[in-house]
Amino acid sequence: MNVRLRSLFITLVSSTLLLSACSPGSTTSGETSQSSTAAATGANIPEAEPSPTSTMKAGALSITSSTDAALPGDPVKLSLENGTITGATVTGPNGSVEGTFDKDAWIPAKALELNTEYKISVTASDGTTKEASFHTANPGSGETGFQMLYLFEGMGVGMPAYVKFNRPIPKEYRAAIEQHANVTTTPEQEGAWGWLSDTELLYRPKEYWKPGTKISLDLKLTGVQATDNTWFKKDVTGSFSIGDVSRVIKVDIANYTTTVVENGQVVNTLPSTTGKAGFTTRSGTKLVLEKFDSLKMNSETIAIPSGSSESYDLNVRYAMRVTWTGEFIHAAPWSVQNQGKSNVSHGCVGLSTDNAGWLFSRTNIGDVVEFTGSDRKMEPGEGMGVWLYSWDEWKALSAVSS
């Protein structure tokens, strides 16, 4: 049975009895009622004033948060019988707990502790004080961890917010995770979370980020259930920013060129070579994932065994990774005679050393690299494939919208 965290075990106190005025039932033997006397004498007796009713006093305080969905960072919703609440405070084992009261709920400033008893005290509209207590649920020892990656300044316009979990997240728990993952962008831009895999949650804008955008992340996941037997036990915040230049690198596989576009203007077109037959370079929108001034490349990493006629083991300059499956843009001085004319590589984009150095010096992690001209399509998991989807397709990867 799945356990929902931060179920609130409610203790209601301060119930108040409501008193009503009593009236005599009948006269006793030997008494003459006023109405009987009036009837006998014909006297006009003024009607009696109605008895004043007692003022309704505030009754019991109830905590109405859902016991299935309440989490340590969620509002504690309240209800007061025969009255309204004008303020609320919460205390725990270490004293007063910071938070705010708004209408019918107390909102903690940060997530409460798990497996902990709390007391909430409210002031009613009649001036009385009412109290109730609740206990946050015990998640046991099972924990799922996560990291926010690529939190750097000056990223490329294609870089999404990236959350990596240390274990697969079942579909039934994903919506709650998204609902507690807050994103703020300056300037504001439309965006959405999507699950690229069962361990990867990413947030991308509808279109490439505007240059200079600042992205802030606030993952309030303490107490959120991650799997059947594990929970998150921490909140994490982070931020990154986009550089001042919108840079898109366009690799035309069929025409052997690499064109650099900055802020919508072409700044250079470089002759290049890409994958030959049997090693065709993948088409699709990729991102610069890593940069290495110098990198040792070995064919065994892409399943070409040592001793094969296609094997290689060499150091390359100005290497920029665009897939996890071994595709880079890098200097390839051995293929200069083919660059701009034919495709002779094992899948990478080869440039002259000068051209590769020029491109390397101005490129940022997260810059967009749009590959066209081959019938071999990149799969989303082969890189950071958030831009392989249309906007509607991407939104469909959200557990909240699906």
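## Report on a predicted strand-rich model

Leucine 295 faces valine 316 of strand E22. The structure is a predicted model, and its secondary structure amounts to 4 helices and 25 strands. Of the 402 residues in the protein, 45% count as buried. Among contacts with a separation of 6 or more, 66% are between residues 24 or more positions apart.

### Strands E21 to E23 and helix H3

The pairing of E21 with E22 is antiparallel and runs over 8 bridges. E22 also pairs with E23 in the antiparallel sense, here over 2 bridges. In that second pairing, methionine 320 stands opposite isoleucine 329 of E23. The hairpin formed by E22 and E23 has 6 residues between the strands, and glycine 326 in this hairpin has a positive phi near 105°.

Helix H3 covers residues 353-362, and its buried residues are Ala356, Gly357, Leu359 and Phe360. Viewed down the axis of H3, these buried residues fall within an arc of 165°, so they line one face of the helix. Asp354 and Ser361, on the other side of H3, are exposed. What do the buried residues of H3 pack against? Their partners are strands E17 (247-252), E18 (257-262), E21 (290-298), E22 (313-321), E23 (328-331) and E24 (349-351).

### The largest pocket

The largest pocket has a volume of about 320 Å³. Its lining consists of 20 residues, and those nearest the centre are Ile302, Tyr312, Thr325, Gly326 and Glu327. Gly326 is thus named both in this group and as the residue of positive phi in the E22 and E23 hairpin. Which strand gives the most to the lining of the largest pocket? E21 does, with 4 residues. Sorted by class, the lining has 8 nonpolar, 7 polar and 5 charged residues.

### Strand E3 and its partners

Strand E3 spans residues 76-80, and its side chains alternate. Val76, Leu78 and Leu80 point to one face and are buried, whereas Lys77 and Ser79 point to the other face and are not buried. E3 runs antiparallel to strand E2 (residues 61-63), to which 3 bridges join it. In this pairing, leucine 78 is the bridge partner of isoleucine 63. Strand E7 (residues 105-108) is also antiparallel to E3, with 2 bridges between them. There, lysine 77 stands opposite alanine 105 of E7.

### Loop residues and backbone geometry

Lysine 210 sits in the loop between strand E14 (200-205) and strand E15 (214-219). Its relative accessibility is 45%, so lysine 210 counts as partly exposed. Lysine 210 and asparagine 263 are 53 residues apart in sequence, while their C-alpha atoms are 9.9 Å apart in space. Apart from its neighbours within four places in sequence, lysine 210 is in contact with Pro187, Gln189 and Ile242.

One of these contacts, proline 187, belongs to the loop between strand E12 (181-186) and strand E13 (191-197). The peptide bond that joins threonine 186 to proline 187 is cis, with omega about -5°.

Aspartate 244 lies in the loop between strand E16 (236-241) and E17. Is aspartate 244 buried or exposed? With a relative accessible area of 68%, aspartate 244 is exposed. Aspartate 244 and glycine 212 are 32 residues apart in sequence and 5.0 Å apart from C-alpha to C-alpha. Leaving out neighbours within four places in sequence, aspartate 244 contacts Pro211, Gly212 and Asn263.

Two further loop residues stand out by their phi angles. Most residues other than glycine have a negative phi, and most peptide bonds are trans. Asparagine 82, however, has a positive phi, and so does tyrosine 256. The loop that holds asparagine 82 lies between E3 and strand E4 (85-92); the loop that holds tyrosine 256 lies between E17 and E18. The values for both are set out below.

| Residue | Phi | Relative accessible area |
|---|---|---|
| Asparagine 82 | near 60° | 34%, partly exposed |
| Tyrosine 256 | near 60° | 24%, partly exposed |

E17 and E18, the strands on either side of the tyrosine 256 loop, are also among the strands against which the buried residues of H3 pack.

Key. Residues are numbered from 1 along each chain as its sequence is written. This is a predicted model: local features need pLDDT of at least 70, side-chain atom pairs count only at pLDDT 80 or more; totals for chains, interfaces and linings use all residues. Side-chain values use heavy atoms; hydrogens and water are left out. Buried means under 20% relative accessible area, exposed over 50%, partly exposed in between (1.4 Å probe, protein chains only). The arc is that of the directions from the helix axis to the C-beta atoms. Contact means heavy atoms within 4.5 Å. Two strands pair if DSSP finds at least two bridges between them. On a 1 Å grid over the protein atoms alone, a cavity is a set of points where a 1.4 Å probe fits but cannot get out, and a pocket is an open set with protein on both sides within 12 Å along at least five of seven lines; lining residues have an atom within 4 Å of a point. Grid points are joined across faces, edges and corners, and a volume is the space filled by probe spheres set on the points. Ala, Val, Leu, Ile, Met, Phe, Trp, Tyr, Cys and Pro count as nonpolar, Asp, Glu, Lys and Arg as charged, and the others, Gly among them, as polar.
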